[in-house]
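Q: I'm new to this one and would like to learn how to read it. Where should we begin?

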Amino acid sequence: MPDKQNPASAPGMPVIFPPWLDRLQIKYMNPWMRPLSRYLPGASVIKHRGRKSGKPYETVVTTYRKGNQLAIALGHGKADWVKNVLAAGEADVRLFRNEVHITHPRVIPAGAPAGDDLPWAVRLQGKRVAVLVADIVS
């Protein structure tokens, strides 16, 4: 059930984290985690551009890769970085120490069958939250 108070909440994209945690993560945790993400498995940095400003952004996310697909559980709902990636149709992601380019991003709504082509952890999380799935090009 979408939270009417949170603008990131949309049909099929429930928000499970409170808004104050979003602000804390953006202001304090992301700047601290960005340099460490290079050494932490699962922690990745997605590089995207603003929809209107064109300003480059870097956001720390937890990614899951299986073959040529990359999946990200969207516990924060339809955050700005998700909107930016969907609008651009592509982004660059630093996975551990490798840089990859993703294209054709799409959102699988919460509770929708994700199929066997996604990692087990994402299929499990996809029961409660939406999942962003994209194809890896490089």
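A: Let's begin with enclosed space: the largest cavity holds about 40 Å³. A word on what you're looking at: this is a predicted model, where local features need pLDDT of at least 70 and side-chain atom pairs count only at pLDDT 80 or more, while totals for chains, interfaces and linings use all residues. Residues are numbered from 1 along each chain as its sequence is written, and side-chain values use heavy atoms, with hydrogens and water left out.

Q: What makes something a cavity and something else a pocket?

A: Picture a 1 Å grid over the protein atoms alone: a cavity is a set of points where a 1.4 Å probe fits but cannot get out, and a pocket is an open set with protein on both sides within 12 Å along at least five of seven lines. Lining residues have an atom within 4 Å of a point. Points are joined across faces, edges and corners, and the volume is the space filled by probe spheres set on them. Here, that rule gives one cavity of 30 Å³ or more. The walls of the largest cavity are Ile108, Pro109, Ala112, Ala114, Val122, Gly126, Val129 and Val131.

Q: And how many residues line the largest pocket?

A: Its lining takes in 42 residues, and Gln25, Thr59, His76, Ala79 and Trp81 lie nearest the centre. The volume of this largest pocket is about 1100 Å³.

Q: Which elements each supply at least two residues of that lining?

A: First, the names: helices (H or I, at least four residues) and strands (E, at least two) are DSSP runs, numbered from the N terminus. For this pocket, helix 1 (19-36), strand 1 (43-49), strand 2, strand 4 (69-74) and helix 2 (80-88) each give at least two residues. Helix 1 has the largest share, with nine residues.

Q: Let's zoom in on one residue. Is Thr63 buried or exposed?

A: The scale works like this: under 20% relative accessible area is buried, over 50% is exposed, and partly exposed lies in between (1.4 Å probe, protein chains only). Thr63 has a relative accessible area of 10%, so it is buried. You'll find Thr63 in the loop between strand 2 (56-62) and strand 3 (64-66).

Q: What does Thr63 touch?

A: Contact means heavy atoms within 4.5 Å. Not counting residues up to four places away in sequence, Thr63 touches Gly42, Ser44, Leu70, Ala71, Ile72, Val93 and Leu95. With Ser44 there's also a polar contact of 2.7 Å between the side chains. That term covers a pair of N or O atoms within 3.5 Å; within protein, one must be able to donate a hydrogen and the other to accept it, and residues adjacent in sequence count only if both atoms are side-chain atoms.

Q: Where does Gln69 sit?

A: Gln69 is part of strand 4. At 14% relative accessible area, Gln69 is buried. Beyond four places in sequence, Gln69 touches Tyr64, Arg106, Asp117, Leu118, Val133, Ala134, Asp135 and Ile136.

Q: How far apart are the C-alpha atoms of Tyr39 and Phe96, 57 residues apart along the chain?

A: They are separated by 6.3 Å. Tyr39 is in the loop between helix 1 and strand 1, while Phe96 is in the loop between strand 5 (90-95) and strand 6 (98-108). Leaving aside neighbours within four places in sequence, Tyr39 contacts Phe96 and Arg97. Phe96 is partly exposed, at 37% relative accessibility.

Q: What is the charged end of Arg97 doing?

A: A charge sits over a ring if NZ of Lys or CZ of Arg is within 6 Å of the ring centre and within 35 degrees of the ring normal. Arg97 has its charged end over the ring of Phe96, 5.2 Å from the ring's centre.

Q: Last one: how do Val82 and Leu86 read?

A: Both are worth a look. Val82 lies in helix 2 and is buried at 0% relative accessible area. Past four places in sequence, Val82 is in contact with Leu74, Gly77 and Leu132. Leu86 is in helix 2 and counts as partly exposed at 28% relative accessibility. With the same four-place limit, Leu86 touches Lys78, Pro105, Arg106, Val107 and Leu132. The C-alpha atoms of Leu86 and Val107 are 8.7 Å apart, with their positions 21 residues apart along the chain.
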